[in-house]
Every structure is written in C-alpha cells, then in structure tokens.
Amino acid sequence: MSSGQSGGKGGTAKSGGKPAGARDMRVKVKKAGKLKHSSQLWLERQLNDPYVKRAREMGYRSRAAFKLEEMDDRYKFLKSGQRLIDLGCAPGGWCQIAAKRIGLEQGKGHIVGIDLLAVDPIPGVDLIQLDFMADEAPALLTERLGGRADGVMSDMAANTTGHKKTDHLKIIALAEAAVEFAHSILAPGGFFLAKLFQGGDSAELLTMLKRDFTTVRNVKPAASRADSSELYVLATGYRRAAREQQAERPES
Ligand SMILES: C[S@@+](CC[C@H](N)C(=O)[O-])C[C@H]1O[C@@H](n2cnc3c(N)ncnc32)[C@H](O)[C@@H]1O
C-alpha cells in the first residue's frame, strides 16, 4: 500500500535484460533466503505497479491517493472549505489529496484522520493514533473536528486472516461502524465514502444508505487493482432530517 514499501524484504530485484516488449520489462524478484512466496509476489507487484511509481514521483504517500483523486474527479464531492473525517488514514495519501482539494494550506476547512498506525505529520491535518472501534474514538473524533462534518471517508481495511468468511465479517463490521459514526456527525448534504468488497453481504448496509442519502453509487476506481474485489460505496446528499425521523419512530 505505501509507496515507500518496495524493497528491503530480503529478495533481490533485477530487470529482465531483453529490450523487447513491456512484458520483458517487468521486474522479477528472485527467491532469496527466507522470503515467503506471498512476500515475493507482493514485492514483485509493488515494483511493477505504475501507480506505486507515480505516487513516489508525485510525493504521495500511497497509491491509494490516486483512488480518491479519481473518484473525486468523477463525482466532485470534495469542495473548498469542507470539514472531513478520514478513517484508516495511514500512511496519509487520502489526507494529502483531500487537503489540496479543500484548500487546507490556505487555511480553509479541517481534516481529522484516525488510524491504528502512526502517521507522519501532514500540514494542517489533525491526526489521531487509535483504533476506530475503541469506545472513545467517535467522541474524540467529534471533539477534534469541533462540529458537524461535510464528509466521512473510510479506507479502513482490517488485516486478513485468510478465512474468507471471517475476513468479510470484519470488513462489514468496520463499514457498519463507519456508517453509524457518519450518522452522528454528518451535516445535511454531507457525503460518505467507504471501502467494501464485491460479492460480500453488504445488502443491508446499502439499503440503509439508500434510505438516508440522495444518491448511492458503487465505484471501482481504475487505481484499484483489477484482481482485487475492493469496491467503494459513495453516498452523497445526506438527509439528516429523514434519519432523525426514522430514529424517533416508535418500534411497531
Ligand atoms: C488501505 S490503508 C489506508 C490508506 C489511506 N487511505 C491512504 O491513502 O494512505 C487501510 C488502513 O486502515 C487502518 N485500519 C484498519 N482497521 C482500523 C481500525 N479499526 N481503526 C483505525 N484504523 C484502522 C489500517 O491500519 C490501514 O492503515
């Protein structure tokens, strides 16, 4: 994920020497020492990924930055002066893009980011190192933003266990917690953007979003690897009043 992660995993990288087609230009990683096959594949993919290279050239902290950039180019949900929450923000690629687009360096808007991992400072961004699932996290985020948010973005991804069903439950739990938090903090008209996975049981989540937002879209940005089942849901036009009426309705 991070642009700075290529190399240093024990493998030796060498370029295919033939000056023929692009296929031959791929960097191959020779198996060396204790390097696991999965690590070897990961390293090879990083070294050959044009987004990783571009992220490094442009000073972005992650290739994920291009996903947000591309989704916003298409749907224009980031606007000058917005107040945003970034859940699972490390190493900070989304914060960098959002900061540019809301004009943070010109003193406009506010971003509060949270991650389990420490994030190197990003000018103007308020960073919290904490598990978003911790009881105190929602209140802390709300306090640091100091009011309602115009957008809640979540690129959170739990570490995978390899057990498909368990992994999927973890992903949905994170997304549901993010939606719940969005309800508590979004201003009317606000947006919600979160990572989901294709083929998963996210029907209930999508139904909830469709009830409370004007428009709900599934988005697969080109920067999201084609072989990954990663998918984003973008919900815009938060209808706060509708949500509150729903909450006040007595159970039948
Ligand atoms: C794909 S990365 C985010 C990349 C980021 N959007 C960027 O552009 O740099 C997913 C992040 O979610 C974080 N994460 C996963 N579960 C979390 C949780 N419960 N609380 C906070 N962060 C979490 C991980 O630590 C990881 O840094």
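**Close-up 1. P91 sits in the loop between β3 (83-87) and α5.** This is a predicted model. The peptide bond leading from A90 into P91 is cis. Its omega is near 5°. Most peptide bonds are trans.

**Close-up 2. The ligand is surrounded by 23 residues.** Those that come nearest are A64, G88, G93, F132 and D155. Three elements, α4 (64-75), α5 (93-102) and β4 (110-115), each supply at least two residues of this shell. By character, the shell around the ligand divides into 15 nonpolar, 4 polar and 4 charged residues.

**Close-up 3. W94 belongs to the largest nonpolar core.** This core holds 54 residues. W94, A98, V152, A178 and F192 touch the most other members. Leaving aside residues up to four places away in sequence, W94 touches A64, A65, L68, D86, C89, M153 and D155. Two of these partners, A64 and D155, are also among the residues that come nearest to the ligand.

**Close-up 4. K76 has a positive phi in the loop between α4 and β3.** The phi of K76 is about 50°. K76 is not a glycine. Most residues other than glycine have a negative phi. Is K76 buried or exposed? K76 counts as exposed, because it has 10 C-beta neighbours inside 10 Å and the cut-off for an exposed residue is 12 or fewer.

Technical notes
Residues numbered from 1 in each chain as written. Predicted model: local features only at pLDDT ≥ 70, side-chain atom pairs only at ≥ 80, totals over all residues. Near = placed C-beta within 6 Å. Helix = DSSP H or I, 4+ residues; strand = E, 2+ residues; numbered from the N terminus. Nonpolar A, V, L, I, M, F, W, Y, C, P; charged D, E, K, R; others polar. Core = buried A, V, L, I, M, F, W, Y, C linked by C-beta atoms within 7 Å. Buried ≥ 20, exposed ≤ 12 C-beta atoms within 10 Å, placed from the backbone. Contact = placed C-beta atoms within 7 Å.
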